[in-house]
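Student: I would like to work through a protein model by asking short questions. May we begin with the charged side chains and then turn to the helices?

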Amino acid sequence: MKVIVLGSGIIGTSSAWFLKKQGHDVTVIDRQPGAAQETSFANGGQISVSHAEPWANPSAPMKVLKWLGKEDAPLLFRPRAELLQWLWGLQFLRECTPARTADNIRQIVAISEYSRQTLRALRAETGISYDCLTKGILHFYTDQKEFDASLPAAQLMRDLGCPRVSINADEVVRREPSLARIRDKIVGGDFTETDESGDVYQFTTGLADKAAGAGVQFQFNTTVTRLLHEGTGAAAKITGVEIIDATGRHQVLKADAFVIAMGSHSQSLLKPLGINLMIYPGKGYSATYRIINPEQSPVISLTDDGYKLVVSRLGDRLRVAGTCEINGYSRELNTARCEAITRRTRELFPHACDYDNPVYWTGLRPLTPSNVPYIGKSKISNLFLNTGHGTLGWTMGAGSGRAIADIVSGLTPDLDFAFTGMERVVKTTLLPA
Ligand SMILES: Cc1cc2nc3c(=O)[nH]c(=O)nc-3n(C[C@H](O)[C@H](O)[C@H](O)COP(=O)(O)OP(=O)(O)OC[C@H]3O[C@@H](n4cnc5c(N)ncnc54)[C@H](O)[C@@H]3O)c2cc1C
């Protein structure tokens, strides 16, 4: 079958890889000059199965209200005169009930764990080399109330088969000696040894190279403008994708099946077809610093709960990422937010990095209200979805690619996940409802 994948971030690239492995003739289209140039470029680097709790949870409405208008808030909702943003906000509130949150966690853990195993297998199979650490993730807390609240969440993760262990402050520092200077501020932590971290850009471009070597065609510098369709109801079909190619020419590319993996931009492409995805961009920041004193730099991936920042060591660089603004599609850098990241990182590891030459970046997380992505079928029989991976697209990436390849090939992936447009097979071995 000829399949066109739209988008070459971590999601589109891994989709293309697995579709090719299943014997399809695959073309990937992306407007950028190479793979992973947008949200999959400089994220926090964590493969974090253990912290699958979505932002939409019972404590979120009060927190979001408290943070309204606060420039340095970890999650900032800036109300706009935009219907999608308000509908998204309302659905976010709906996802905050305990029952919805529990089901969302169950699904996110299932796809994330499946993905972590897939990533490991991919590494072994392809030998892709990228800055990665398989030493776990250590989440540390500086607020007693937040730490106390994390204990049942950690238990829930253990119930779901994820070895997230709650530890005291001394144990935090024993595991990560570079935190010794703030020992008196730390109230506890949790550690998950099976989690990992790594450079999503290096991995995705490495996988794109391997995929190209295996025969996947990549058409870069090519903008998707429209999907063409014919028929209605069950007979509806995508007949082609309209593009503007690298030379500026308008063309229509034909295929048997189409996979949408355009991150935050998937929503506007599908809307004219009457497919209303609830995906809104959540702008986040990262800062990357050159490490000048490796012995003072963290050796495992960290999450600083108080500041909602993640820290990943990527070879001789330190990547620190976080914050989320629900405020449209702009990727403009806000100096106050950038400086706040550097201030905190310098406070934690004052001599570890060259803080005078940070590389700042912003990316748009393709957020669904529940943080559960759309993976599966649309109402048009040859149009498939792999998008809306929100805060955990790197964590869920490899597995989402594998799952969509199965679905396009007419198979059902074997995990407890509500694949879009498909019947759910709930696994009773996981958390009781
Ligand atoms: C600050 C920050 C920190 C993060 N940290 C983590 C983390 O630690 N762990 C984790 O798991 N996740 C993390 N994430 C989330 C993760 O990065 C995303 O979920 C993931 O990158 C989304 O991948 P994607 O392939 O769906 O989207 P993208 O990488 O954005 O890919 C979409 C592609 O579609 C292309 N495209 C869009 N429109 C068009 C068009 N019209 N024509 C042609 N091409 C088009 C784009 O060029 C792009 O290449 C973080 C995100 C941010 C912003």
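**Salt bridges, helices and surface**

Tutor: In this predicted model, Asp305 forms a salt bridge with Lys308, and their closest N and O atoms are 3.4 Å apart.

Student: Is Asp305 buried or exposed?

Tutor: A residue counts as buried when its relative accessible area is under 20%. Asp305 has a relative accessibility of 9%, so the term that applies to Asp305 is buried.

Student: How does Lys308 count in terms of accessibility, and at what percentage?

Tutor: Partly exposed residues fall between the limits of 20% and 50%. Lys308 therefore counts as partly exposed, its relative accessibility being 33%.

Student: Which residues are joined into one network by salt bridges that share partners?

Tutor: Side chains of opposite charge can pair when their charged atoms come close. Where salt bridges share partners, a network results, and the residues joined in this one are Asp103, Arg106, Asp416 and Arg424.

Student: How many salt bridges does the structure hold?

Tutor: The pair Asp305 and Lys308 is one example of a salt bridge. Another joins the side chains of Asp245 and Arg249, at 3.6 Å from N to O. For the structure, the number of salt bridges is 29.

Student: Of Asp245 and Arg249, which residue is buried, and which is exposed?

Tutor: The limits are under 20% for buried and over 50% for exposed. Arg249 has a relative accessible area of 51%, so Arg249 is exposed. With a relative accessible area of 10%, the buried residue is Asp245.

Student: Lys21 and Glu125 also meet in a salt bridge. How many residues apart in sequence are the parts that this pair ties together?

Tutor: The side chains of Lys21 and Glu125 meet at 2.4 Å, N to O. Lys21 belongs to helix α1 (residues 10-21) and Glu125 to helix α4 (residues 98-126), so the pair ties together parts whose separation in sequence is 104 residues.

Student: Which residues does Ser115 contact, leaving aside its neighbours within four places in sequence?

Tutor: Ser115 is placed in helix α4. At 1% relative accessibility, Ser115 counts as buried. Leaving aside neighbours within four places in sequence, its contacts are Thr395, Met396, Gly397, Ala398, Gly399 and Ser400.

Student: Why do the buried residues of α2 line one face of the helix?

Tutor: An α-helix has 3.6 residues a turn, so residues three or four places apart point the same way. In α2 (residues 60-67), the buried residues include Ala60, Val64 and Trp67. Seen down the axis of α2, the buried residues line one face because they fall within an arc of 65°.

Student: Which exposed residues does the face of α2 turned away from its buried side carry?

Tutor: The cover over the buried residues of α2 includes β4 (75-77) and α3. On the face turned away from the buried side, the exposed residues are Met62, Leu65 and Lys66.

Student: What is the area of the nonpolar surface patch made by Leu83, Leu87, Leu90 and Leu93?

Tutor: Leu93, one of these residues, lies in helix α3 (residues 83-94). Leu93 is partly exposed, at a relative accessible area of 46%. The nonpolar surface patch made by Leu83, Leu87, Leu90 and Leu93 has an area of about 410 Å².

Student: How far apart in space are Thr223 and Asp30, C-alpha to C-alpha?

Tutor: Thr223 lies in strand β11 (residues 223-230). In sequence, Thr223 and Asp30 are 193 residues apart. In space, their C-alpha to C-alpha distance is 6.4 Å.

Key: Residues are numbered from 1 along each chain as its sequence is written. This is a predicted model: local features need pLDDT of at least 70, side-chain atom pairs count only at pLDDT 80 or more; totals for chains, interfaces and linings use all residues. Side-chain values use heavy atoms; hydrogens and water are left out. Helices (H or I, at least four residues) and strands (E, at least two) are DSSP runs, numbered from the N terminus. Patches are made of residues with over 30% relative accessible area and no salt bridge: like charges are joined within 9 Å, nonpolar side chains (Val, Leu, Ile, Met, Phe, Trp, Tyr) within 5 Å. Accessible areas come from the Shrake-Rupley method with a 1.4 Å probe; for residues, only the protein chains shown count as cover. A salt bridge is a side-chain nitrogen of Lys or Arg within 4 Å of a carboxyl oxygen of Asp or Glu. Buried means under 20% relative accessible area, exposed over 50%, partly exposed in between (1.4 Å probe, protein chains only). Contact means heavy atoms within 4.5 Å. The arc is that of the directions from the helix axis to the C-beta atoms.
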